[in-house]
Amino acid sequence: MRILSRLFALTAALVAAVGVAGAQSPREEVFGLLNLDMPELAAVKAHYEEGRVEEAAEALLAYYKGRTHITTPDIPNPAAVSISPTEQKWADEALEHTFFVHYGYQPSFNYGEDIDWRYWPVRDNELRWQLHRHKWFTPMGKAYRVSGEEKYAEEWTKQYIDWIRKNPLVKISKEEYEINDESTAKADAENARFAWRPLEVSHRLEDQTLQFQLFIPSPHFTADFLCEFLVNYHRHAEHILGNYSERGNHLLFQAQRMLYAGTFFPEFRRAEVWRESGVGILNREVEVQVFDDGGHFELCPHYHLATINIFYEALQVATLNGFKSAFPQSFVDALEKMAEFYINICFPDYENPCFSDAKIAHKGEVIKNYRAWLDVFGDNGLVRYMATEGKEGALPDYESKGHLTAGFFTFRSGWGEDAVQMVVKAGPKGEWHCQPDNGTFELWYNGHRLMADSGSYIYAGDAEVMKWRNWFRQTAVHNTLTLDGKNLQTTESKTLLWQPEGEVQVLVTENPSYEGLIHRRTVFFVEESYFVIVDEAVGSAEGVVNLNYQMPVGEVRIDGEKMRCESLNAFDSNLTLQCFAPRGAKMVEAEGWFSDKYKSKVERKRVSVDVTKSATTESVRYVTVIVPHKEAQNGPKISAKLVGEYNPNGVSVNVKVDKKSRNLKVKF
Ligand code: MG
């Protein structure tokens, strides 16, 4: 066993050695990777063919120092960059090896005088992965250009080479991996899972084109360094080519960045292959990942926006470098639909609901996106309206809007800050970033988000990290119905009715939530001012049915007896929520949180209305009336009662809000 394991270690070490530096030195290897037949590289070729490798490398450096015909949208003019105070801080801290890795972990950690690229102070995978995105490198480049100080360039080249040396691309077989052996190869392979994860590699692939442009004038950017850089860069692109993620946003990021690589370094023999691979995947995936209504299949507003930007950036690179026609009009049309979708589900302050793994993207960032997108679809009145804050463009002829394939439904009384708006999420099974939350919603009124989704808080890591991830993902911390507080077994909502116009607007949606329990939710938006929600849990399952509601952050008065919750905000945006449930129902308070960004959370109240259901009870039915209003303590008197028994084809409910009674009735 010992001998066998040594043998494995030896083979793996050999693989590692080849992987790191190749059989040749970078200076020799690089010429095999380049297309020396390009007229621009004639001088390089002449030296190389005469065996003058050193002169060839110098000629290559001279070529790149003078190259101006290839541009990237991120830095159109490297000589005119500016730097923000935050970027300056990251650049300066990086000189001391304090690396900005993640906003969730501030202040940044120091990685030691002799950089330890395997340092992992908190066992959150993101912290380990994102170290390898080198987010401080581009700021160092900007600091270099703005100040002219060589210390940034010198340090960057050192860190760049240090990273190559200490993060070899090593793969070992599963069998080798399972041998309990302290070999360097195993440790390197373990590390490569983080350092060479294709998503991280793709980040570097794009960002290094910026760093290349920013640092190229420096005397520290030597011919030797250039050779190391190009060989490393080539290894990056080839690694992605053979290791694309199977699907989802990762695949899109990787494809878009392969397009970048192939465009920025056309001197590589493989450039065309990289570029075509990126274009091919993006053209294919726009069909796979984007629904006919413009929704993205991860059903997460954050990745929806990111996906638009991936497609947009690919288009920009193609346009700037003369191959826009690689993307057909249908690609641009899908992008435009995605933009409209995003605008439709966002609140009047431009912020998105926190469904699935979404964080809040703030107005400043979003409006920048809208302005940029006008390059591509400047004729779109809604995008223009949002981009110019209403100065140009036009609002559409609708207010409420349903996206039936993705299952996002927006009720709105208007587009202004004083509007009432509810966004319901009730769609198909979503991909990785989606949470099991069918039927949930967010509520906005008069400038404020009143019932927000709990958010996501953190992604993946050790047990402590996973405890929090699972807390925020769970169905019960959404505004929807659960059985015994468990996560939904099936997330496949069907829309039974969507009626987005008139005095009473209606959505009826149904999800086969658990074995033996269907959840049908009917939402009435009455006179564009309040909501009546009828929840029906139907089937032979037994257990405790919970109707869950997440309260606004801040003070909330909960009257368990009346099953009534009232927010007590000092600003002019409050709600009264009252639930009417079968005899024996109890309103229970539980732990509640709201997270609008990674690793940040605030406590809030959460309630559930619990009803014990036996196998012979056909259905458990609730009515909830939610009335948004300005003043605290001034909520309306509310009563509600279902009319008749459970009906598979209709709902009828009598509601009284203050003195006004009405019967809400719908058939489907
Ligand atoms: Mg959620």
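Donors are N, O and S atoms within 2.8 Å of the metal (3.2 Å for Na, K and Ca), and since water is not among the atoms, sites may look incomplete. In this predicted model, local features need pLDDT of at least 70 and side-chain atom pairs count only at pLDDT 80 or more, while totals for chains, interfaces and linings use all residues. Residues are numbered from 1 along each chain as its sequence is written, and side-chain values use heavy atoms, with hydrogens and water left out.

The magnesium ion has as its protein donors Gln435 (OE1), Asp453 (OD) and His478 (NE2), at 2.0 to 2.2 Å from the ion, and along the chain these donors follow the spacing Q-x17-D-x24-H. Glutamine 435 sits in the loop between β3 (420-425) and β4 (440-445), and aspartate 453, 18 residues apart from it, in the loop between β5 (448-451) and α19 (463-473); here helices (H or I, at least four residues) and strands (E, at least two) are DSSP runs, numbered from the N terminus. Glutamine 435 is buried, with a relative accessible area of 2%, and aspartate 453 is buried at 1%, where buried means under 20% relative accessible area, exposed over 50%, and partly exposed in between (1.4 Å probe, protein chains only).

The structure also holds 33 salt bridges, each a side-chain nitrogen of Lys or Arg within 4 Å of a carboxyl oxygen of Asp or Glu. One of them joins arginine 662 to glutamate 527, with the closest N and O atoms 2.6 Å apart; arginine 662 belongs to strand β20 (residues 660-667), whereas glutamate 527 lies in the loop between β9 (517-526) and β10 (530-538), 135 residues apart. Salt bridges that share partners join Glu503, Glu527, Lys660 and Arg662 into one network.
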